[in-house]
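Let us walk through this structure one region at a time. Keep the sequence beside the view as you read.

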Amino acid sequence: MCGIVGYTGPREAYPIVLKGLKRLEYRGYDSSGVALLNNKQIKVYKKKGKVAELEEAAIGQDIHANIGIGHTRWATHGEPSDRNAHPHQSQSGELAMIHNGIIENYTQIKKELESKGYHFKSDTDTEVLLNFIEDIKINNNCSLEEALRIALKRVVGAYCILLIAKDEPETIIAARKGSPLVIGIGKGEHFLASDASPIIEYTKEVVYVNDYEIAIVKPDELILKNLGNEKQTPFITKLDMELAAIEKGGYDHFMLKEIHEQPSTIHDCLRGRLLPQSLQIMMGGIENNMEAFINANRIMIVACGTSWHAGLIAEYLIEEFCRIPVEVEYASEFRYRNPVIHRGDVIIAISQSGETADTLVALESAKEKGAFIFGVVNAVGSSIARLSHAGAYTHSGPEIGVASTKAFTGQLAVLMMMALKIGYAKGTLSKDRYAQLMHDLELIPEKIKEILADTSNIQRIAEKYKDAADFLFLGRGYNFPVALEGALKLKEISYIHAEGYPAAEMKHGPIALVDENLPVVFVATKDSYYEKIVSNVQEIKARKGKVLAVATAGDEVIPGMADDVMFVPDADEAIAPLLSVVPLQLLSYYVGLYKGLDVDKPRNLAKSVTVE
Ligand code: AGP
């Protein structure tokens with residue numbers, strides 16, 4: 001949830017750490033801070049709010065140091081404030097630490113420490129862990145590394161922590177469990193971060209630290225150990241990412257850039273996989289595990305947020321083309337519901353970041369019960385990708401905007417190829433339909449370009465409805481999850497209350513909300529539910545509701561009934577969600593923009609939710 005950065009080497013640490021925090025700010029922006037170690041002195045600068053406020057506050061301060069750690073926060077324990085901002089210093093001032101995660105048993109440890117005379121400057125679990133480590137170091141008269149190992153055996157929860165100590169002038173000690181940590185290997189220097197975006201401009205050689213590992217990092221040395229104090233061999237990976245991918249590229253916001261990137265990101269996702277000419281879909285992860293899918297009694301899809309909406313569309317696809325029953329699960333509920341899982345059950349895990357804690361812990365427990373885990377992930381090398389037995393990357397490139405857009409359409413493209421490939425192999429999908437759907441999928445990048453070519457109509461609609469207090473989003477069939485996604489995007493970006501519903505469900509209650517002040521967005525493209533959705537539009541119009549519709553180009557019926565229309569090119573109903581979601585992404589972007597909100601970093605949110 002939070003962003004963590006560290007540097008040790010010959011360069012000035014502060015500018016590297018500060019720039020890293022700006023790159024990771026999408027992970028949390030309640031407060032930020034740095035700790036710099038020089039001449040056996042630790043200097044801590046921290047501030048509530050965005051990294052820019054920290055930068056302002058550090059002007060004129062002594063920022064010289066060759067080792068430093070930095071943190072940008074998404075508050076869990078203790079409200080956003082200077083006092084609760086990281087880094088925290090131990091009671092003696094000898095140690096400083098930053099932390100991403102939650103220490104669940106911190107109150108008990110805090111009581112023990114308070115009974116020993118410890119006082120706390122903040123409300124955070126982190127300061128408790130730090131003083132716990134210091135207490136062990138003092139009482140056991142052991143090294144910081146040893147004290148950390150002992151402490152970590154006592155704490156319950158998730159963590160990625162970076163520690164520095166006055167008496168260890170070049171060393172950063174790091175540890176992780178549940179929260180991500182990447183270490184970049186330079187020449188005589190090392191970079192540490194929650195993900196690769198702060199590291200990419202310095203080196204492409206990285207090590208993804210595993211759970212229960214401790215890293216002792218010096219300018220020219222990286223030692224990895226497990227909690228049993230046994231050395232681990234660092235596995236070096238080469239990053240396949242360019243700096244430009246994490247820059248705005250001339251757009252005002254990452255969200256707008258990422259919406260406009262979809263023609264190329266979907267093309268990248270299909271490239272080398274979708275081969276309509278030879279009627280093949282090349283997906284090694286599926287190919288090598290086809291038996292598991294074909295013989296599956298059921299498939300469970302586990303995800304959160306936007307990824308869960310992609311899972312709902314996959315349910316329609318897999319049941320229609322593979323005739324395998326599908327259950328779509330909110331990861332957080334699935335984990336603690338103690339679901340019935342049989343050995344060999346197939347679980348598809350969907351995640352952009354690959355680090356969402358709710359999904360990760362759900363998969364860990366399912367894997368223990370013998371389930372086969374197939375990951376659909378965007379972030380290469382992420383925890384969910386490494387935990388899965390097999391998988392498929394969406395190749396959407398780094399997604400920086402907190403509201404997921406291009407990763408969603410990347411997930412849909414992968415899930416569509418999976419359903420077509422398994423259905424055709426299983427014989428539940430005819431050759432003609434298989435070929436037709438592959439053809440339709442291949443045309444999607446060009447069709448999205450048509451939608452993006454002129455967004456002035458969507459901008460006009462956004463301006464018209466930006467002051468609405470509530471919105472309803474309605475759809476049927478494949479368009480129902482698209483309606484849910486449209487509602488989520490608007491909530492995230494504009495803070496307007498919005499609900500998505502199956503259109504027919506309206507009559508069973510929500511229609512009571514409808515009046516002349518309620519904009520109702522229909523995802524009403526031409527499909528097998530079309531006639532039904534037309535009657536649903538009439539029901540809303542009969543109650544003076546304002547109807548906005550996503551309609552298929554050339555349709556005259558829906559436009560004749562709706563107050564405002566956003567057209568998309570025609571496509572098969574199973575493929576159309578890749579098109580119908582785009583106007584809804586743009587609508588939420590422009591409503592947020594016209595309300596003067598920070599569309600890339602909406603309040604209270606973070607890009608990767610690494611705490612349960
Ligand atoms: C979507 O815009 C949100 N950022 C959020 O709902 C997100 O989809 C959810 O947190 C799941 O994230 P993941 O795909 O990285 O697992």
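Start with threonine 455, which is buried because its relative accessible area is 9%, under the 20% cut-off. This is a predicted model. Threonine 455 sits in a loop, between α16 (444-453) and α17 (456-465). Its side chain makes a polar contact, at 2.7 Å, with the side chain of glutamine 459. Setting aside residues up to four places away in sequence, threonine 455 touches Leu586 and Tyr590.

Now go to serine 588. This residue belongs to helix α21 (residues 577-594). Is serine 588 buried or exposed? Serine 588 counts as buried, because its relative accessibility is 1%. Beyond its neighbours within four places in sequence, serine 588 is in contact with Met255, Lys489, Leu490 and Ile493.

Next, the nonpolar interior. In soluble globular proteins, nonpolar side chains tend to be buried together. Here the largest nonpolar core has 95 residues. Phe293, Ile299, Ile318, Phe321, Ile348, Met418 and Phe471 have the most contacts inside it. Which helix gives the most to this core? That is helix α14 (residues 406-426), with 11 residues. Another core lies apart from this one. It has 32 residues, among them Tyr7, Ala58, Tyr208 and Ile246.

Look at phenylalanine 321 in more detail. Its contacts, leaving aside neighbours within four places in sequence, include Ala419, Leu420 and Gly423. Thr428, Leu429, Arg433 and Leu437 are also in contact with phenylalanine 321. So are Tyr478 and Ala574.

Turn to the ligand. Which of the 14 residues around the ligand come nearest? They are Ser307, Ser351, Gln352, Ser353 and Thr356. Three of the distances can be followed atom by atom. For glutamine 352, a backbone N or O atom lies 2.7 Å from an oxygen atom of the ligand. For serine 353, a polar side-chain atom is 2.7 Å from a ligand oxygen atom. For threonine 356, an N or O atom in the side chain lies 2.5 Å from an oxygen atom of the ligand. On its own, the ligand has 400 Å² of accessible area, and the protein covers 91% of that.

Now follow helix α12 (residues 357-368). Does its length agree or disagree with what its residues should span? At 1.5 Å a residue, its 12 residues should span 16 Å. The end C-alpha atoms of α12 are 17 Å apart, so the two agree. Nine of its 12 residues are buried, so α12 is largely enclosed by the rest of the structure. The buried residues are Ala357, Asp358, Thr359, Leu360, Val361, Ala362, Leu363, Ser365 and Ala366. They pack against three strands, β18 (299-303), β20 (346-351) and β21 (372-377), and also against α11 (331-336) and α13 (383-387). Just after α12, glycine 370 takes a positive phi of about 95°.

Finish at leucine 37, in strand β2 (residues 31-38). Leucine 37 is buried, because its relative accessible area is 4%. Leaving aside neighbours within four places in sequence, its contacts include Ile42, Ala65, Asn66 and Ile67. Ile164, Ala165, Lys166, Glu168 and Pro169 are in contact with leucine 37 too. Where does glutamate 485 lie relative to leucine 37? The two are 448 residues apart in sequence and 46 Å apart in space, C-alpha to C-alpha.

Definitions and conventions:
Residues numbered from 1 in each chain as written. Predicted model: local features only at pLDDT ≥ 70, side-chain atom pairs only at ≥ 80, totals over all residues. Heavy atoms only, no water. Helix = DSSP H or I, 4+ residues; strand = E, 2+ residues; numbered from the N terminus. Buried < 20%, exposed > 50% of the residue type's maximum accessible area, 1.4 Å probe, protein only. Polar contact = N/O pair within 3.5 Å; in protein donor to acceptor, adjacent residues only side chain to side chain. Contact = heavy atoms within 4.5 Å. Core = buried A, V, L, I, M, F, W, Y, C linked by side-chain atoms within 4.5 Å. Near = heavy atom within 4 Å. Areas by Shrake-Rupley, 256 points an atom, 1.4 Å probe, with all protein chains shown as cover. Expected span 1.5 Å × (residues − 1).
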